[in-house]
Structure formats: structure tokens, C-alpha cells
Amino acid sequence: MLASKSVRRAVHYTLLASAAAMIAMPVQAQDENIQEVVVTGSRIRIKDYEAISPVSTMTADAIKATGSLNIDQVLNALPQVVPGLSASSNNPSDGTATVDLRGLGPTRTLVLLNGRRLNPSVNDGTVDLNNIPTRLVERVEVVTGGASAVYGSDAMAGVVNFILKDDFEGVDLGMQYGQSTHGDGADYQVDFLLGGNFADDRGNMTGFASFYKRESVLQSARDVTRINIDDPPGSATGEAGRLDNLPGNPFATGSNRAFNTDGSVRPFVNTLDATDGGDRYNFPPVNYLLTPAERITLGAMGHFDFSDNVQAYTELLYVDSQNSAQLAPTPATPVNVYPDSPLLSPSAQALLAARPDPDGVAIFRRRMSEVGARLQENRSKLEEITVGLRGDLGVKDFEYDAFYQFGRTEFVNYTTNDVSRSRFEAGIAGCPADYIRFQPDCVPVNPFGLGNISAAAADFIRLNFTDTLVFERNTVGGSINGTLFEMPAGPLGFAVGAEWREDSSSFTPDKSKEDGDILGFNAQQPIDGEFNVKELYFEAIVPLLRDLPAVQSLSMELGARYSDYSSIGDVVAYKGGLDWKPIDSLRFRGMYQRANRAPSVFELFQAGDQGFPQYTDPCAELVPADDPATAAFCAQQGIPDTESFIQNNVQVETFFYGNPDLQEETSDTYTIGLVFTPEFASGLSVSVDYWSIKVEDYINTLAGGAQGIIDGCFAAQDLTSAACFDQTLGVPLIYRDASGELKVNAPTVNVSELETAGVDLQLNYMIPVGKGLSATMLLTYLDKYVLDGIDYKGSSGGYNILGSFPEYKANLRLSYPFGPVTVNYNLQYINAMINQGNIPDFGDDSDYLAPPTYFYHDVSAVWNINDSYELSVGVRNIEDKDPPLITFGVDQNGDPSTYDMLGRFAYGSFRMRF
């Protein structure tokens, strides 16, 4: 294996040197000699081809009108997209920005750059959109619905294809600066584009560079995010520290105990209200509302015609992206405290001595404020190179394209201000002699009371660590396309090709993280694996009828892809569709696609990583008379008094496992629709498409996640049943620690089923008003989103699904030229939703907050001063709307990817071209 990687790396650098030699050629002009275009969703290159699969296109002008320097902000506003991680994602966050078509998950949306896969940035195969050079994008084409027959695995929800500007001549220098009207959240970018022709117009080389920076904003900067709104609010792990009243070894009287500053104990007050002496901790103020980021992007694209039939091309991309997440100080829990600790006060010692087992270990929890806020700094370095040959075969109109692509992403996470569990427990114990032998610099730690941890003790228990992920992909591909022969109704177009791809992923956590010697982050295990796939595919467009009554044209599109994976074996994807044009102004189209997705390296080999999803404990505050069976099941778990048992936190510690026996996911996608371009309204185009996607053998955590596992076990009420114990892993699916808190083991399986359906409406109209008012509207109606039998349509919140699924979502863009100035207006509409807690399967939690209907209004203006200079200004969220509050939201008391967290934002940019 090492030898093969060495060979690949040698080939990689040889090709890089060859590409650099091409870049060094002298600069002069070139004509583009390819007349046909390839529409995303098919590899067939035919003039006047119109896609049967629905394709939404966003041009460079439309992207510019948003004023966004991050492409994820642009995509998240599209109705077809369920927003994923973004600049406002802080917890959860891994520093990436993602796109999620139809809500099937980012791993089921294939991201392409110039029609080829962009190298992933994390080990589940997800692409980081921060690696897209936004200013270089010519257009974005979005195909919704399975596209595995064309592009292979991961295209279950569809494809997002970023097509970059190439064949550029001249110099383009741009600068943009923006800031919220609250005086924070500034971002700016400087970008440079240089291109020219060479060798008597036989070639072109285009190079680009950009630097981007975004400043952070804390959640304390906005009223809606300053105080946590969960029920109960905040965290039970407070700054004063607490001793838990253990069900198996309870205190003589009362319940949980908190500490005064002198170390004496008092009853724990389960509120945030400082006037009542509340002990719960309000964690949002030091968390990020907007994460900081810096990014350097370098790249080049070039092509050279060796002859009329042979064109060499290359694409080079390097991105150095940095992003940070900041969380409240470490919640140290559960921590073992022994009754003989010399740091315990007399009242604390008396409390422990009065228990049934006075020598038993006590469970302690505390917010480690003296250590400082936890900071995660992520640095991602992507390098990708593509080299290839394309041209005419010299036989009929056959064309070929053969390429090699190498991509490598190194993703490093630097974490500071966590706490070492072993050092903390040793320090609480007063640094006993048997520990000092291994840790001679041990410092006693007194956590009993706010502010009692000394600076020296904080330094001793502070833990900084580094995790590293390397993802490499090698791809070799080739295709031939053209027309086979003329049929009575037109030419029969085809494309055939082959591809070989190898993915390898290696994740190396810090030793302390691997050993679980951490308190504020999740323990993770190393992952090192790879798989390869060999594929063959074909496509055909068959014209059936033409120029007949009620049939101006009728054609059929067919395609299939055979894949042989080293991990799961053989799979086949295929498609079939019809396109019928009865009259010149009306087209009907329909497509069926069978798509598939192979499990990622992460899904195959994850080895018990720790996580903290949200949950509800069925035993908490349960009146036995209301549900005697559940109360009896709680007693089996060590909770005899359910009525006084309190759920301390909204998150449950969960350990997630991969599964090397996973098989591929399969999906069936149906689309049927029409395109109307009426003669009576020149410039008007309307398309309406119904879509339905059903994914079987959906790779997911068992029962949809921790809450589903808990609910399933409680429904079975038998700790030895399959719903409560996993025979393969040999571990219980749920169990409780000494304090009575639930824990969950969550395996990955092929048992889920997801089905979603809806209608897309797209309208483009050049309204004949003055110089022409351009209008573009996209609207999506969500008919259903069903995962494991629960329909999440029209809902938002937490539990099994993180995100928002409005029934209606729309985007309207208007553009009008006033001489050299073009004015743009953008409206985003998000329908009101219920909270997911209202879904019957979760009970009637009508007090949960949920988002109302939202409208966002943005305006911008672009002034083309002359051919060389351009000035743009704009304002997003001109009403300065606060985001809605959502109980059990994703983060920040809501959904920071769906809704604007920052408020009104103004920006300006200046460009020079020469």
C-alpha cells in the first residue's frame, strides 16, 4: 500500500511539473472551437440539447447581485436546498460549509467543479464549499434528483456543478468590504484574475488568486442569542460546581448540592435566574454567532491545441482555509470525587459521610471558567490538479475526453482550553503520591466554589490537542460522445466512458482524545481506510418522432452505469426519460432514475466516536401512576424514584460506531413537468416539475439517532431485547452512569428509509418595461419529508433531524438597468413552521417555539462606470430582522443556516479590468 501511494505521489508531482511548464508558455489570442455545450445531468454534447432533468442555473451576475463572498450563502437561499453548515454554524461545526439538496444530507449531494468531482474535506466525503473560488464562477447548475447513472455514487439528491471562467484575457482586480449595521461581522476580499492567449491563438492560460477574511461576532452581541431558551434553560453544569444525588447512594436529605465560594454545600437551584440564586449556566455569550475565517485561494486553468484534433488542458487549485469555533468553558462531567479529598470542606465531607455507602465515589460536575473558553481552530489545505486531452477522433463527429485528477485535503484541528480528566481528578484528590510518580508537576485543584481554581491549577489541568485528517482521491476517466447515425426524427446522440477512482482517508486524533482523557469535547478513534471503484457508463438520446400533428418532437433519454466497488461489490444505476414538444411553446418532460451511494470510509470504519445529541429521558419527573410499566422499567435501570428524578441536560452522551458490512443505498427518483414559453409573452419561460425521491437502505444511525434508540428500548421495556442490546457490537444500546444519566451506543446501519416529494416552479421573464425588467423566481412546495415513518414537512427544531423543512420556500430576483447602473432586488420567502416537538410521535409539546413566516429583502446596484471600472453597493436584510427563536434549535436558539443571524449588512465593491 505504501509503495502504491509513493508511485501515485510521484506521478502527481510529475504531472504538476508538466502543468507548470504549460503555464510558463508565452501569452497571446485564441478562439473557442467547441460549439456544442454539455448540460449538467448528461455527458452528451449536442447542439440545442435541452435537459430532461430539471436544471436551475445561477449566473455570475446573479451571484454578484447577492454581494456574498461565500457561495454557501447563495446556495442556502435556493428553495431546493436545505441549508447545511455555514459561517454562522458554531456548534455543531467543523469549519466547513456544505450544500444539501432536498435535505438528503450533504454526502448525497455531488459537488462538481467544471463537471468533475471536487476533492472532499472531511472523512465522510463531504465537500467544503469554502474551496470554491466564488469570484471565478461563471455559473452554477443545479440538477435535483438522482444522477448516479451520469456521475456515479453520491449523486442521490442531485448535482451542483460550479463552472469556472476560463479562456480569460486581460487583468481583473476586485476588492469588496462589508459590515453589519450593528458595527460588527465585517468581511472583505481582494481577488486577482489574469489571463491571455499564446502560441498564435492556439492556447490560453488563466490564473487567479484571492484573499478573504471574516471577523467574528459573539452570541452576546444580539438579544436573541444572549440567553439560552432550552427547557430547562442553559446547562446543569454550573460555575460553582455540584455534587449529584446518586440514585444508588443518595444523600440523607434533599437532592443535588451546589457549592458556596467557601466550599460549603447548599441545595442546587435549577434555574438561570440570578435573583433566585440560580445555579444553571448560561453558555451562549462566549459562543460565536459568526465564526471568523481567513482563506487564500490560488489556481490556474489552461488549454493548448497541439493540432486540430488534440487539445491538452489542465486545472490547478490550491486553497488554504482557516476557520474557528468557540464554545463556553469545558463542562467537566461526570468527574469522580473521593470522600477523602483534602480539598472538600467539612460540610461537603459531612454530606458524603451521611450516605448509605459513605466511602463510595461521588459524582461532581463543574463549568471550568477559570480555564477559559474552548477554541477550535480548523485549517484545511486543498490541492487538486487535473490534466487531460480532448478533441475530435476524426471519425464522424466523435469527440473524446481523457483525464487524470489528483486531490489531497489536509484538515487539521487545533483545540485549546479543554481539560484533562486524569489531571483534574488527580488535582481534586490533592495530588496523591501514587499519581505524583507519573506526574511530578501535579498541582492541587480546588473546584468547590466559583473562582476557587488558581491560575497554576488551571494551567495544570488545561489540555490543548491536535487532530489531523488526510483525504486523498485519484481519478482516471475517459469518454467518447457524438452521434451514431441519423434517424428519421434526428441524430442519435450517445456518450460512453470509463472511470477508475480511489478514495483513501486517514484520521489521527490526539492521543488524549483517543484515550478519552478529555472533558469538553468528544472522544474519537483513529480511522484509516480506502476503497476503489471501476465504472463503465453509457448514455443515449434517441429521437423518436418529429414534425407530426401534436408532436413537433419526441425523444427518449437512456443511461446506465455499472460500478464495481472494492467495499460493496457490483452496483448498477440507470435512467430513462421522455421529452415531448407538442407545439413550439410547450414541452413536457419526465424522467425516472435509479441512483445509488456507496458507504464512505467514515461510515465503514467509525470506531465509537463520542457525541452529545439532544434527547428526552422518559424517566425524568414521571409520575408512576400515570405510566406504571415505564416506571417499573426505569426501576430496572436504577431509577426507583422517577417522580423526583430530573433530567439535568438536554444532551445525551452517545458513542457512534461504523459498520464494515454496510451495503449501498439505493433511490428511485421520478420527475415529471413542463416548460412553457408562450408566444404572446416574449421573454417569458415557466417550468413546473413534480419530483419524488425515495431512498432505501438509507445509511443512518440506528432508529434515526439517540432519541430513536431510547424510544425503541423503552417501547420494548426489556434490556435484553434487540431494541436495547446490540448483539453484533456486544454492548447495550442504552445504559446509565452512577448519577442515573442515560448513555447511548449508536451503530450505523442500512435500516432507515427516507422519502421526500414536492413541486418546483421556476419563472424567467424579461418584462417589456423600459429597457427591460428581468424577473427570476424559484419556488418549492414540499409535499412530504418522511424519515423512518415520521413526516417532518413544515417543521423545524432538533431531535432526529437537524434543520428546517418549510412547506413553501421561494426566491424572487428583479433586475433593471438605468443606463450604466443596474439595480437588483432579491426577496426570500420562508413559510412558517411548527416545532418538531409537536409531531405526534414526540407528544404534544405546544409550548415549543417555532418560526413564523419570514421575508428577507436585499437590494444592490452595479455601476459600470466604463469598460474598465465597476462599482457595486448593496444591503442584505434591509429590515434588520432578528432570527426566529426555535426551542431545541440547531444552534444559537434557532437555525443559523436557514435564517440570517447577523442582521442588516451593507457592502461595497470596486473592480478594475484592463
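In the predicted model, strands β2 and β5 run parallel and are joined by five bridges. Within this pairing, L110 has V159 of β5 as its bridge partner. Both strands belong to an open sheet of five strands, arranged in the order β1-β4-β5-β2-β3 with mixed pairing. The edges of the sheet are formed by β1 (55–59) and β3 (116–117); each has a single partner strand, so one side of each is left without a neighbour in the sheet.

Several elements of this region also contribute to the largest nonpolar core, which comprises 47 residues. At least two core residues each are supplied by β2 (109–113), β4 (137–144) and β5 (158–164), as well as by the helices α2 (60–66) and α3 (71–76). Strands from further along the chain, including β15 (311–327), β29 (684–701) and β34 (773–787), likewise supply at least two residues each. The residues with the most contacts inside the core are L75, L129, I132, V140, V160 and F162. When neighbours within four places in sequence are set aside, L75 is in contact with V81, V99, L129, V140, V160 and F162. Another core, of 30 residues, lies apart from this one and includes L243, F251, L344 and V419. In soluble globular proteins, nonpolar side chains tend to be buried together.

Elsewhere, strand β43 (residues 905–913) takes part in two antiparallel pairings. With β6 (residues 170–180), β43 pairs over nine bridges in the antiparallel sense, and D172 stands opposite R913 of β43. With β42 (residues 869–876), β43 is joined by eight bridges, again antiparallel; here S872 stands opposite S909.

The loop between β20 (462–487) and β21 (490–508) contains P488. This proline is exposed, with a relative accessible area of 88%. P488 is separated from N831 by 343 residues in sequence and by 49 Å in space, C-alpha to C-alpha.

Considered as a whole, the protein chain contains 13 helices and 43 strands. Its C-alpha trace spans about 95 × 60 × 55 Å along the principal axes. The radius of gyration is 30 Å, which agrees with the value near 29 Å for a compact globule of 914 residues. Of the 914 residues, 56% count as buried. Among contacts between residues at least 6 apart in sequence, 72% join residues at least 24 apart. The chain exposes about 35000 Å², of which carbon and sulfur atoms supply 57%.

Definitions and conventions. Residues are numbered from 1 along each chain as its sequence is written. This is a predicted model: local features need pLDDT of at least 70, side-chain atom pairs count only at pLDDT 80 or more; totals for chains, interfaces and linings use all residues. Side-chain values use heavy atoms; hydrogens and water are left out. A nonpolar core is a set of buried Ala, Val, Leu, Ile, Met, Phe, Trp, Tyr and Cys residues joined through side-chain atoms within 4.5 Å. Buried means under 20% relative accessible area, exposed over 50%, partly exposed in between (1.4 Å probe, protein chains only). Helices (H or I, at least four residues) and strands (E, at least two) are DSSP runs, numbered from the N terminus. Contact means heavy atoms within 4.5 Å. Two strands pair if DSSP finds at least two bridges between them. The radius of gyration is taken over C-alpha atoms; the globule rule is 2.2 Å times the number of residues to the power 0.38. Accessible areas come from the Shrake-Rupley method with a 1.4 Å probe; for residues, only the protein chains shown count as cover.
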